[in-house]
Amino acid sequence: MNIQANAGNAVPLLAGRYRVLERIGSGAMATVYRATDELLGRDVAVKIITRPAPRGGTAGESDDEVKILARMQHHGLVTLLDAGVDRNGPGEPRVYLVMELIEGPDLKQHLTRGPLGLRHTAQIGHDLADALAYIHRNGVIHRDVKPSNIMIYDYHPDDTRMRAKLTDFGIALIAEAPEDVDGGLLGTAAYLSPEQARAEPVTPASDVYSLGLVLLESLTGKVAFPGDPLQSAVARLFQDPPIPADMDPEWKTLLATMTAADPQDRPIAREVSLALYEQTTAGRGRHKVDPSIIPVDEQARMAAVHEYQVLDTPPDGAYDKITALAAKLFNVPIAIVSIVDHDRIWFKSHHGTAVEQIDRDPGLCASAILHGDVWVVENAAEDPRTLSNPLVAGDFGLEFYAGAPLKTRQGHNLGTLCILDFAPRTMSPADMSTLQDLAALVMNDLELRLENRKTSKPFRPLELGIGSCLQARAGVIAP
């Protein structure tokens, strides 16, 4: 198949589904196109990877590698929607990856405006280290962690949280191959680890080193090893990256260990993620969370939140059906499936509001997860627990809240299914039971998705028979 930019409808559908529209990026081994998913009617990014035939292997090995990547789903990774191997054209088979199309800038573009500062660097570093820990657990090494492979999104100068996603798994597809077809080094010279510069076998520690250089550049605004590719690659064989003497001591220690010359001296990605989580907590300032709304099992609870890989995932019809049903059954204007992150409450599904997240404090879902059952505030303006809450006393005018926790099998509350109203309401025991049933549907679907990832089975979104399974309860809902 011959893919040409701007060919429109003259271009055959890739895999019988994706119509290529225009080229939006290219590199030594891959070209990225904007395309339309004809089946779902949405724009996507299609990456075509040109790779040599497997060394000593079979064409089937390409399919196996693609299947591994197709299972990579994490809030810190650009979502991979589909993947395959195109064998219709001349020459060697070409791997194609279909990814979510992110319109925002990459980190390289952000850094042209200047350094990010400690807090924002810790926030994106936490996302990226968490993503690397995830792919490393799944046997994948990225090999090319650099600012242009890091997408920044939902960012404004006054945001409480800066977020990042790691993209470009083209190099990760080249399993056990430290050199490219021309004998050159895989990766980008300015961000190579010393072992990559020596063309030695690459391990997860190489990704940690590269991430260390990215974080150092984010804080200083300067590339640690500038110059032409050869000069840059050779420099790290003789010196460590320069870390400013006046940098925060904790940052100096973390970056020095991440960029240690010996891979054995570097922390694993999971340890980096935890260290940066502590940095984001220390740097919250005015957004610091009230200790009274932090559960005693917070560390284990947050580990569960990340395990279910739901944060910052695209909209999902299964959950939207549940929030729409909840709003209808309870006759309320707003229903939300929320996930309580360490410093915010993120809305996986939000019916009746365009808001996608709020700070953890003053969000009422942060209080709701402290309880094992439905947490209800029937008259918020008079309830001592909420009367001074900004959502109640301010312009939003919240008067009623009820949230049923999303409880895992291990007993951790990820967030809530909650309903809101701008007038006081009562909530009967039957009402609370119905809200719990709806929350159980959300949690059952999350459990199914987690189990399917663990067993590597293809996942089909749960077709919730919510109309039939809850119609019998509709008669007990309070008007």
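**Notes on the predicted model**

1. Val202 is a good place to begin: at a relative accessible area of 16%, this residue is buried, because anything under 20% is classed that way. Its position is in the loop that runs between α4 (194–197) and α5. Setting aside neighbours within four places in sequence, you will find Val202 in contact with Ile141, Arg143 and Gln196. If you want a distance to check on screen, the C-alpha atoms of Val202 and Pro263 are 9.7 Å apart, with their positions 61 residues apart in sequence.

2. Now a step back to the whole chain. Please keep in mind that this is a predicted model. The protein has 479 residues, and 52% of them count as buried. Its secondary structure consists of 14 helices and 13 strands. Among contacts with a separation of 6 or more, 63% join residues that are 24 or more positions apart.

3. Which residues touch the most other members of the largest nonpolar core? They are Leu107, Ile150, Leu211, Trp251, Leu255 and Met258, in a core of 41 residues. At least two residues each come from α2 (107–111), α3 (118–137), β6 (150–153), β7 (163–166), α5 (204–220), α7 (249–258) and α8 (269–282). Helix α3 is the biggest contributor to this core, giving nine residues.

4. Leu255 deserves a closer look. Not counting residues up to four places away in sequence, Leu255 touches Gly212, Leu215, Leu216, Leu219, Ile243 and Met247. There is also a second core, separate from the one above, with 37 residues that include Ala326, Val337, Leu417 and Ile419.

5. Next, a helix pair that you may like to display together. Helix α10 (residues 317–330) packs against helix α13 (residues 429–455) at an angle of about 180 degrees, and their axes are 11 Å apart. The two helices are therefore roughly antiparallel, since angles over 145 degrees fall in that class. From α10, the contact uses Ala318, Tyr319, Ile322, Leu325, Ala326, Leu329 and Phe330. From α13, the residues involved are Asp431, Thr434, Leu435, Leu438, Leu441, Val442, Asp445, Leu446 and Arg449. By type, the contact of α10 with α13 comprises 12 nonpolar residues, one polar and three charged.

6. Is Ala404 buried or exposed? With 1% relative accessibility, Ala404 counts as buried. This alanine belongs to strand β12 (residues 400–407). Not counting residues up to four places away in sequence, Ala404 touches Val374, Gly415, Thr416, Leu417, Leu435, Gln436 and Ala439. For Thr416, the C-alpha to C-alpha distance from Ala404 is 5.2 Å, although the two are 12 residues apart in sequence. Leu417 is also a member of the second core, and Leu435 is also part of the contact of α13 with α10.

7. Last, a charged residue. Asp421 is found in strand β13 (residues 413–421), and its relative accessibility of 12% makes it buried. The side chain of Asp421 is joined to that of Arg425 by a polar contact of 3.3 Å. Which residues does Asp421 contact, leaving aside its neighbours within four places in sequence? They are Asn331, Val332, Pro333, Leu398, Glu399 and Phe400.

Conventions. Residues numbered from 1 in each chain as written. Predicted model: local features only at pLDDT ≥ 70, side-chain atom pairs only at ≥ 80, totals over all residues. Heavy atoms only, no water. Core = buried A, V, L, I, M, F, W, Y, C linked by side-chain atoms within 4.5 Å. Buried < 20%, exposed > 50% of the residue type's maximum accessible area, 1.4 Å probe, protein only. Helix = DSSP H or I, 4+ residues; strand = E, 2+ residues; numbered from the N terminus. Contact = heavy atoms within 4.5 Å. Polar contact = N/O pair within 3.5 Å; in protein donor to acceptor, adjacent residues only side chain to side chain. Axes fitted to C-alpha atoms, helices over the stretch in contact; angles between N-to-C directions. Parallel < 35°, antiparallel > 145°, perpendicular 65-115°, else oblique. Nonpolar A, V, L, I, M, F, W, Y, C, P; charged D, E, K, R; others polar.
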